[in-house]
Amino acid sequence: MASRREFLITAGSAGAFLTAGTLLAQAQNPVPGAAIGPAEKTAGPGQPPFTLPPLPYAVSALEPHIDAKTMELHHDKHHKTYVDKLNAAIAKQPSLASTPLAQLLAGLEKLPEDVRSEIRTNGGGHANHTMFWEIMAPNAGGTPKGAVAEAITQAFGSFDAFKKRFNEMGEKHVGSGWVFVVMDRSGRALEIATRPNQDTPLLEGGRVLFGNDLWEHAYYLKYNNRREDYLSSWWNVLNWDAINRRYEALKAGSAVI
Ligand code: MN
């Protein structure tokens with residue numbers, strides 16, 4: 001039960017997209033059936049276990065840094081496809097329907113072979129995009145604050161040095177994938193890591209603080225081939241409040257996706 005409650009940290013409720021901080025109180029003091037959301041299972045028998053979380057802002061809200069058409073396609077088509085294919089994989093192995101996403105990903109080698117690669121790709125895609133919408137916001141960006149700001153300075157010397165390293169790793173990554181900031185339980189050892197395709201540090205039981213999507217579908221309409229321009233513009237939409245909530249939840253050992 002503990003892992004299920006912890007998993008609700010990033011889940012939404014009744015169609016609303018709630019942030020980690022909002023749900024932390026519920027997670028510690030759960031109301032049965034109250035918090036079923038994007039990455040958690042839906043309750044009804046016969047319902048697909050995973051659902052697409054609604055965007056927590058309008059598709060045009062991150063303009064001019066991320067254009068509305070990209071956001072619409074990215075969320076409504078790309079992310080939805082990962083959710084649909086993840087549900088299709090689970091439908092082949094119904095005994096997995098009640099396993100939280102983080103557990104599916106961290107225990108991939110224990111899953112039946114016929115669904116392993118589908119769950120890796122589509123479960124990873126669902127986890128990565130759920131995180132991605134959460135850590136962005138309109139009227140956001142700027143320099144980090146709070147505990148995350150301190151952790152960044154401690155690990156990288158300065159925010160500018162951190163940003164430069166993150167952008168370099170994102171630029172250098174060949175092909176589709178993600179660039180992530182991962183942390184250990186102490187919260188002091190932040191690291192930058194890239195993964196191919198829809199892989200995630202969750203596959204190794206890692207803790208994802210935040211990350212950026214390096215797939216061309218994330219930027220090509222506006223930035224074309226200029227991934228470096230997308231990477232540098234993206235910092236203008238980072239929601240440091242949401243990232244701080246994830247940081248605290250991860251430090252507390254919650255299974256944040
Ligand atoms: Mn994407």
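The following exercises, each with a worked solution, concern the predicted model shown above.

In this predicted model, local features require pLDDT of at least 70, side-chain atom pairs count only at pLDDT 80 or more, and totals for chains, interfaces and linings use all residues. Residues are numbered from 1 along each chain as its sequence is written, and side-chain values use heavy atoms, with hydrogens and water left out.

**Exercise 1. Overall composition**

Task: State how many helices and strands the protein has, and give their pattern along the sequence.

Solution:
- Step 1. Helices (H or I, at least four residues) and strands (E, at least two) are DSSP runs, numbered from the N terminus.
- Step 2. Ten helices and three strands are present in the protein.
- Step 3. Along the sequence, these elements follow the pattern α-α-α-α-α-α-α-β-β-β-α-α-α.
- Step 4. Buried means under 20% relative accessible area, exposed over 50%, and partly exposed in between (1.4 Å probe, protein chains only). Of the 257 residues, 51% count as buried.
- Step 5. Contact means heavy atoms within 4.5 Å. Among contacts between residues at least 6 apart in sequence, 68% join residues at least 24 apart.

**Exercise 2. The sheet**

Task: Determine the order of the strands in the sheet and identify the edge strands.

Solution:
- Step 1. Two strands pair if DSSP finds at least two bridges between them.
- Step 2. Strand E1 (residues 177–183) is joined to E3 by six bridges, and the two run antiparallel. One opposing pair is Met-183 and Arg-207, the latter in E3.
- Step 3. E1 is also joined to E2 by six bridges, again antiparallel. Here the bridge partner of Gly-177 is Pro-196 in E2.
- Step 4. The three strands thus form an open sheet in the order E2-E1-E3, with antiparallel pairing. Strand E2 (191–196) and E3 are the edge strands, each pairing on one side only.
- Step 5. Axes are lines fitted to C-alpha atoms, for helices over the stretch in contact, and angles run from 0 to 180 degrees between N-to-C directions. With direction ignored, neighbouring strands of the sheet are turned by 30° against each other on average.
- Step 6. Helix H5 (residues 113–134) packs on the sheet, touching E1 and E3, and its direction makes about 80° with that of E3. H10 also packs on the sheet and touches E1 and E3, its direction making about 150° with that of E3.

**Exercise 3. Buried residues in the strands**

Task: Decide whether Val-182 and Ile-192 are buried or exposed, and list their contacts.

Solution:
- Step 1. Val-182 belongs to strand E1. Because its relative accessible area is 14%, Val-182 is buried.
- Step 2. Not counting residues up to four places away in sequence, Val-182 touches Ala-189, Leu-190, Glu-191, Pro-201, Arg-207 and Leu-209.
- Step 3. Ile-192 belongs to strand E2. Its relative accessibility is 12%, so Ile-192 counts as buried.
- Step 4. Apart from neighbours within four places in sequence, Ile-192 is in contact with residues including Phe-156, Phe-162, Phe-166 and Val-179.
- Step 5. For strand E3 (residues 207–213), six of its seven residues are buried.

**Exercise 4. Two crossing helices**

Task: Describe how helices H6 and H10 are placed relative to each other, and which residues make the contact.

Solution:
- Step 1. The axes of helix H6 (residues 146–156) and helix H10 (residues 240–251) come within 7 Å and cross at roughly 80°.
- Step 2. Angles under 35 degrees count as roughly parallel, over 145 as roughly antiparallel, 65 to 115 as roughly perpendicular and the rest as oblique. H6 and H10 are therefore roughly perpendicular to each other.
- Step 3. H6 contributes Gly-146, Ala-147, Val-148, Ala-151 and Ile-152 to the contact, while H10 contributes Trp-240, Ile-243, Asn-244, Tyr-247 and Glu-248.

**Exercise 5. Loop residues**

Task: Compile the backbone features of Pro-64, Asn-139 and Asn-197.

Solution:
- Step 1. Glu-63 and Pro-64 are joined by a cis peptide bond, with omega about 0°. Pro-64 lies in the loop between helix H2 (20–28) and helix H3 (68–92).
- Step 2. Asn-139, in the loop between H5 and H6, has a positive phi near 50° although it is not a glycine. Its relative accessibility is 84%, so Asn-139 counts as exposed.
- Step 3. Asn-197, in the loop between E2 and E3, has a positive phi of about 55° and is not a glycine. Because its relative accessibility is 45%, Asn-197 counts as partly exposed.
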